[in-house]
Amino acid sequence: MQEIVRVVVDAMGGDNAPDEQIKGAIQAVNSRDDIEIIFTGRQEVITSQLEKYTYPQERVKIIHADEVIETGESPVEAIRKKKNSSIVTGEMLVKNGEADAFVSSGSTGAVLAGGQLLVGRMKGVQRPPLAPLIPTENGVALLIDCGANVDARPSHLVQFAQMGSVYMERVVGIKNPRVGIVNIGAEEEKGNVLVKETYPLLKECKNINFIGNVEARDIPAGVCDVVVCEAFVGNVILKLYEGVGATMIKKIKAGLMSSLRSRIGALLIKPALKETVKTFDATQYGGAPMLGLKGLVVKAHGSAKSTEIQNAVIQCVEYKQQHINEIMGSIFNVSPEK
């Protein structure tokens with residue numbers, strides 16, 4: 001019998017809420033038979049939006065939550081005070097075993113704080129990292145951590161490498177994924193104190209395929225599948241990646257429209273160029289999972305459109321069906337708690 005995966009979607013979080021969140025979730029539930037969607041947010045708003053769509057009503061539910069956590073609020077304070085917010089309500093459903101995963105485009109700080117305080121860490125996990133997929137020349141790589149742990153210790157980075165390896169092998173399908181640690185040079189003796197202390201620990205780690213240091217310029221070339229760093233470095237890499245990608249696309253479009261000859265050429269290369277540009281579109285890969293929690297929490301971009309939400313929901317299904325938490329529990333010699 002097919003396993004139904006229950007995914008909570010925060011209908012109120014994000015720049016384009018609730019329209020794109022609801023549209024994306026409905027696209028996901030219509031595309032597969034193994035998804036159940038639970039929307040959290042203002043019921044009357046969600047109900048009104050759902051009237052636009054045809055979908056299997058037995059697999060779509062609404063849990064009313066009349067509060068919204070805004071981006072400018074203190075994350076921990078908001079989680080504690082706004083107990084009837086769409087974020088807290090959704091993460092509590094995961095905590096209580098009433099849902100398998102939570103997807104939100106809302107306040108990053110609140111989603112991450114709720115992941116730690118409400119859903120909770122798996123036993124044995126020191127720090128849950130945020131880990132988005134980023135495009136490379138060969139496909140994708142997992143950037144871990146990109147925003148959850150700015151002040152990390154060597155033991156944290158080792159766990160990031162282990163969790164990232166499980167995710168890339170089981171969810172993305174890359175066998176024996178290559179793990180690299182971000183550094184300012186390829187030589188083992190280079191780097192700051194954190195990287196120097198972490199390097200030998202990664203070399204000794206038996207359950208990862210560690211390839212050594214990775215310079216930032218080599219990440220887009222796909223030299224490794226799991227890119228390990230602490231959150232400050234990871235967030236800088238991610239934001240620069242997104243900024244350069246958007247700028248390059250704009251420059252290419254401007255160049256193709258600059259003359260009659262270039263416009264004619266643009267018509268000829270348009271299909272191939274469209275497919276190439278698509279591979280560098282972050283929305284194709286869903287959101288960033290927060291690994292190492294008792295249940296799955298996925299953070300989508302604040303500006304997420306329906307495609308990203310749809311892919312984030314499907315990402316949750318693959319995570320659950322591949323038993324990622326059970327595998328991580330075995331690595332850290334504990335049973336994942338429900």
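This note sets out points on the strands, helices, salt bridges and surface of a predicted model.

1. Sheet order. Six strands form an open sheet with mixed pairing, and their order is β3-β2-β1-β4-β11-β10. The edge positions are taken by β3 (60-64) and β10 (288-290); each has a single partner strand, so one side of each lacks a neighbour in the sheet. From one strand to the next, the twist averages 25°.

2. Pairing of β2 with β3. Strand β2 covers residues 35-41 and runs parallel to β3, to which five bridges join it. Within this part of the sheet, T40 has I63 of β3 standing opposite. As a general point, side chains in a regular strand alternate between the two faces of the sheet.

3. Helix against the sheet. Which strands does helix α10 lie across? Helix α10, residues 306-321, lies across β1 (5-10), β2, β4 (101-104), β10 and β11 (296-299). Its direction is at about 145° to that of β1.

4. Salt bridges and the D34 pair. The structure holds twelve salt bridges. In one of them the side chains of R32 and D34 meet, with an N to O distance of 2.8 Å. Is D34 buried or exposed? D34 counts as buried because its relative accessibility is 4%, and the cut-off for that class is under 20%.

5. The R178 pair. The side chains of R178 and D225 form a salt bridge at 3.1 Å, N to O. R178 belongs to strand β7 (residues 178-182), whereas D225 sits in the loop between β8 (209-214) and β9 (226-228); the pair therefore ties together parts that are 47 residues apart in sequence. The two partners fall into separate accessibility classes: R178 is partly exposed, with a relative accessible area of 28%, while D225 counts as buried at 8% relative accessibility.

6. The K203 pair. A salt bridge also links the side chains of K203 and E188, at 3.6 Å from N to O. K203 lies in helix α7 (residues 193-204) and E188 in the loop between β7 and α7, so this pair ties together parts that are 15 residues apart in sequence. K203 counts as exposed at 51% relative accessibility, and E188 is partly exposed with a relative accessible area of 40%. Elsewhere, R6, D100 and K320 are joined into one network by salt bridges that share partners.

7. Surroundings of β7. Why may β7 be described as largely enclosed by the rest of the structure? Four of the five residues of β7 are buried, which is the reason for that description. β7 pairs with β8 in the parallel sense, over five bridges. R178, the partly exposed residue of the salt bridge with D225, stands opposite N209 in β8.

8. Nonpolar surface patch. L240, V244, M248 and I252 make a nonpolar surface patch of about 360 Å². One of these residues, I252, is found in helix α8 (residues 231-256). I252 is partly exposed, with a relative accessible area of 36%; patch residues are required to have over 30%, so the value of 36% for I252 is consistent with its place in the patch.

Terms used. Residues numbered from 1 in each chain as written. Predicted model: local features only at pLDDT ≥ 70, side-chain atom pairs only at ≥ 80, totals over all residues. Heavy atoms only, no water. Patch = residues over 30% accessible without salt bridge, like charges linked within 9 Å, V, L, I, M, F, W, Y side chains within 5 Å. Areas by Shrake-Rupley, 256 points an atom, 1.4 Å probe, with all protein chains shown as cover. Salt bridge = Lys/Arg side-chain N within 4 Å of Asp/Glu carboxyl O. Helix = DSSP H or I, 4+ residues; strand = E, 2+ residues; numbered from the N terminus. Buried < 20%, exposed > 50% of the residue type's maximum accessible area, 1.4 Å probe, protein only. Pairing = 2+ DSSP bridges. Axes fitted to C-alpha atoms, helices over the stretch in contact; angles between N-to-C directions. Contact = heavy atoms within 4.5 Å.
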